[in-house]
Amino acid sequence: MSCEPWQCGEIASTKKANPITKPEIAVAMIKRAQRPLLIVGSNATERYMEGKQLIEYVIEFANASKVPVVATAHMVGEFIKRGYQPAAFMNAMEIGQRVVDPEWMGLDGKGHPDLVLLVGLPYYVESLMLSGMKHFAPDLKTMTLDNLFHVHAAWSFPNASLEEWAANFKVMTEKFNGGN
Amino acid sequence: MTSKNVHVKIDEMKTNSGLIKNFELSIGKVMNDNYDEPMGPTPMPSLTALRDWDMKLLTKYKPFYMPDCDLCCLCTFGKCDLTAGKRGACGLDIATQSSRIVMLACAIGAACHTAHSRHLLHSLIEKYGRRYPLDVGGLNIKVEAPVSRLVTGIKPETLGDLDDILTYTEEQITQVLAVGHTGQEGNNLDFESKAMHVGMIDHVGMEVGDIAQISALGFPKADPEAPLVKLGIASVDRTKPVIMAIGHNVMPSVGIIDYAKDKKVDDKIEVVGLCCTAHDMTRYYNRARIVGPISWELRFVRAGLADVVVLDEQCIRTDIFDEASKVDAPVIAASEKNCMGFKNRTNDSADEIVSDLVSGKVKGVLILDPEKVGEVAVRVAQQVAPIRKRKNVLPSIEEVTQIAKTCTQCSKCQRNCPQDYAIPAAMKAAAQGDLTLLTDLYETCIGCGRCEEACPQKIMIHSLIIKAGEKSMLCEDNLCRSGRGAVSDVEIRNVGSPIVLGEIPGIVAIVGCSNYPKGGKDVYDIAREFASRRYIVALSGCSAMSAGSYRNSEGKTLYEEFPGGFEAGGVLNVGSCVANSHIAGAAIKVANIFAKRSLRGNYEEIADYIHNRLGAVGLAWGAYSQKAASIGAGFWRLGVPVLVGPHGVKYRRMLLGRKEDPSNWEVFDARTGDKVNVGPAPEHLFNMAETKEECMVAIAKLCIRPNDTWKGRSIKLSHYVDLSKRYLGVMPNDLHLYVRTMADVPMTMKEEFAKILADNNWKETIIPDPTLLPRMVRKMKE
Ligand code: SF4
Ligand code: SF4
Ligand code: SF4
């Protein structure tokens, strides 16, 4: 499991992501967050693990963790088709701009998110959004749930196989469902 | 127009009002012309003349920066780490650095177009003289140069007049470049304003180049029925010698075509082009062929189809000489801006150069005389073709499988592919004899070759992809409408009212390069969707080629299926990159011809008009270049929103409105001076759409304008809702922000809207005469 940026050119200077060595760490951080938010991009229906689309894993995870989901691109309809209602749907840049704005009061108007999770955007789009967050919201915690290392995130899973990725999702979902 | 230098020097003069001493006044040029419009407030604007306008836009549409690099390495104080609020040695922060890079990209783009236009103009003046009259559309066009008139206040009539305009653009580009130096501008918004300034200048530079070449080279003149020309690799007759020109400057191709015609061998050779040179070549000679966009360079050369490669300028692979050498195709560089390290042979005799290239004594030459390029290219192609016999570097199908077996599945190719394509999986399948995945890659690959650079096994991955896709490559036989140039005044008169009132739901300008996330079919799909909905679809550059590369169920290309006029449901190809200026020009002409607003030096008022009334959207789905950045910046300053595809995030900043903030959306009602909230129309000035589906919906929404009549608004909303349901699978969540009175609600959707409006505490508002400029208010309230 390497901790080099998946797309080799997306390198960072002095502030680089901490690797999430096991899914339990991610779960602990999400549990600790008061106002987490999960941004899900268009690869949610393009990427598969063990014959199942990423979006299916995301729905299970979101149902278990109760983290509100923002669907970007045309993913909202894909979620609804599968019986899951995301908290919001928005263009990726629009949600990116909002999370770096300290005045933004979140989707429900009750407060700024303290942890932003991202998964399934095209790698380079996600990378640049994370860069925007790293530079302009330095206190915001960011985390990716992909199997691709994102150096601009605060926390990222290392590059991992599809099997490992599926296993990570299963563990995270289980932990939120009350498993040990 | 005539011009002259004026210099007045008064040592001492007594007048009624006093004594003048040592007065000196120099004016470079005085325009003694027959342009009867009064001069507006900002002819030839300086760096700051339109700064207030820019700041209005930048307050409404705030930059969202996504630094592509944490460092700055532009001077020897650096590298400076600008991460998360740190400042560099010069005091610069990352927002300012990001905007500085945006500005520099736009300056490079504008310089590129302007230098291209300068070369064209120089060559054409040399050939035809300064007094050669401009003619971009005969009697159908009285406003021949709307962008130039608007920005400079000059109404050009001859090639010589264009010279004055270009001198101004060159000065401004220099000024903007100077701002990029260390220790200039400490504020990101000022860099943004200058990016818009140079974008505006870019459109002037492009317009000069295109109207010069339309006038002097006899290109189609605002012709909705400009000829349909052959497009695609299969359209090339491979039994004839093939000359392939790459780039943007048509002059060397003109030399080739003229020589071939003169020697009566034009039907014995094939002259084909890649990138915008291809467009302009067919505007000059409709039997030339368009091979495809920039991403087809390696395909065509590696497949051995070019016998001679002629390079002019811009967007040419810098390793094309190595690639051509591998297939024994001689290369002629023909631009001072792209000498490729070749010896300058301009002053040598054509016989000598031909002999050297044919014998292989030299493999590339620099020739800076387009006529000599023409002779050498034609003669070399004729002699080389029988020798090289389409030598290519593609493996056989059996070899593809053998080579694929050497793949170690290390994934380095995928990790270096800009598109993150699953190449290892395609290799695995190919190793087992199944080329389906490699063939799929052929359809979407942008031909960059980065995968090969990364492969430790030195597998020529792109060549494998080409081989797998060869069958479909050799069936690419489509049609593109030759670039028609400007939009005529008559067309503007016909559509001005329905556009401004919103009854033609919008103008979608699909422009720019081919860095598409999933191939060119998306461009075709988007163009077809909006043409079918009777939007006006204007195309240019590589996008115009991609749009012509697919056929409908009846076998018709887009250009056969839809009319080529600037009309509801029209699909028009304006032409090459420099022809993009006609799209901005059409918007400007609506303000002038339909709304009778004065153009001359009157930028702010016209931009305000366009921004509030004209439902136009630019889409650069595959934008990659600095030129695309400057074209975009020119549209931003006019208040026209621009969308890019996902790779456009790498321009590193968006200009986004916040729809939930009512203060963002206030305009003055010019009738009363009252401030009226008109909703997020348009919502953004520059944004990225992640997928084709999202893009479709975003375009429809971005066509909404404050000035829409209720009828126009209801038409626009019905498209917005329909596209949203179809492509996003939901009703839009912001409809209440776009309904001003119940009459805006589409007839068939009353019930659905009623619920949405009730849920959102909607209140009726008025339709103002919208303006962002207090000075446009006719009767200010006490
Ligand atoms: S220009 Fe400024 S930030 Fe950039 S390297 Fe020089 S000192 Fe550092
Ligand atoms: S040539 Fe095609 S497959 Fe290779 S890196 Fe470029 S886009 Fe990817
Ligand atoms: S880089 Fe080369 S060896 Fe590695 S997976 Fe790609 S094709 Fe195979």
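The following paragraphs describe a predicted model, moving from the contact between its two chains to the domains of chain B and then to two of the ligands.

Chain A and chain B meet through 46 residues of the former and 52 residues of the latter. Together they bury about 3700 Å², of which 57% lies on carbon and sulfur atoms. The interface also holds polar interactions: 27 residue pairs are in polar contact, both partners being at pLDDT 80 or more. On the side of chain A that touches chain B, helix H3 (75-81), helix H4 (92-99) and helix H5 (123-136) each contribute at least two residues. The largest share, 10 residues, is that of H5(A). Sorted by class, this side of chain A comprises 22 nonpolar, 16 polar and 8 charged residues. Charged pairing is represented by 4 salt bridges across the interface of the two chains. In one salt bridge, the side chain of Asp101(A) joins that of Arg658(B), with 3.1 Å from N to O.

Chain B itself is assigned five parts: domain 1 (2-32), domain 2 (51-217), domain 3 (233-388), domain 4 (397-459) and domain 5 (481-776). The centres of domain 4 and domain 5 of chain B, taken over C-alpha atoms, lie 39 Å apart. Contact between these domains involves 6 residues of domain 4 and 7 residues of domain 5. They bury about 420 Å² between them, with 40% of that area on carbon and sulfur atoms. On the domain 4 side, Gln419(B), Thr444(B) and Ile446(B) supply 62% of the area buried against domain 5, more than any other three residues. The residues of domain 4 that touch domain 5 are 3 nonpolar, 2 polar and 1 charged. Between the two domains there are 0 salt bridges, whereas 3 residue pairs are in polar contact, both at pLDDT 80 or more.

Ile446(B) also belongs to the surroundings of ligand 2, which include Cys417(B), Cys445(B), Cys448(B) and Cys451(B) as well as Arg450(B) and His462(B). Helix H16 (450-454) and helix H17 (461-468) of chain B are the elements that give two or more residues to this shell. Its composition is 8 nonpolar, 3 polar and 1 charged residues.

Ligand 3 has 14 residues around it, and those coming nearest are Cys407(B), Cys410(B), Ser411(B), Cys413(B) and Cys455(B). Here the elements giving two or more residues are helix H13 (412-416) and helix H14 (423-431) of chain B. By class, the shell around ligand 3 divides into 9 nonpolar, 4 polar and 1 charged residues.

Methods
Residues are numbered from 1 along each chain as its sequence is written. Chains are lettered from A and ligands numbered from 1 in the order in which they are written. This is a predicted model: local features need pLDDT of at least 70, side-chain atom pairs count only at pLDDT 80 or more; totals for chains, interfaces and linings use all residues. Side-chain values use heavy atoms; hydrogens and water are left out. Domain bounds come from an automatic or database domain assignment. Contact means heavy atoms within 4.5 Å. Buried area is the accessible area (1.4 Å probe) that two parts lose on being put together, summed over both. A polar contact is a pair of N or O atoms within 3.5 Å; within protein, one must be able to donate a hydrogen and the other to accept it, and residues adjacent in sequence count only if both atoms are side-chain atoms. Ala, Val, Leu, Ile, Met, Phe, Trp, Tyr, Cys and Pro count as nonpolar, Asp, Glu, Lys and Arg as charged, and the others, Gly among them, as polar. A residue is near a molecule or strand if one of its heavy atoms lies within 4 Å of it. Helices (H or I, at least four residues) and strands (E, at least two) are DSSP runs, numbered from the N terminus.
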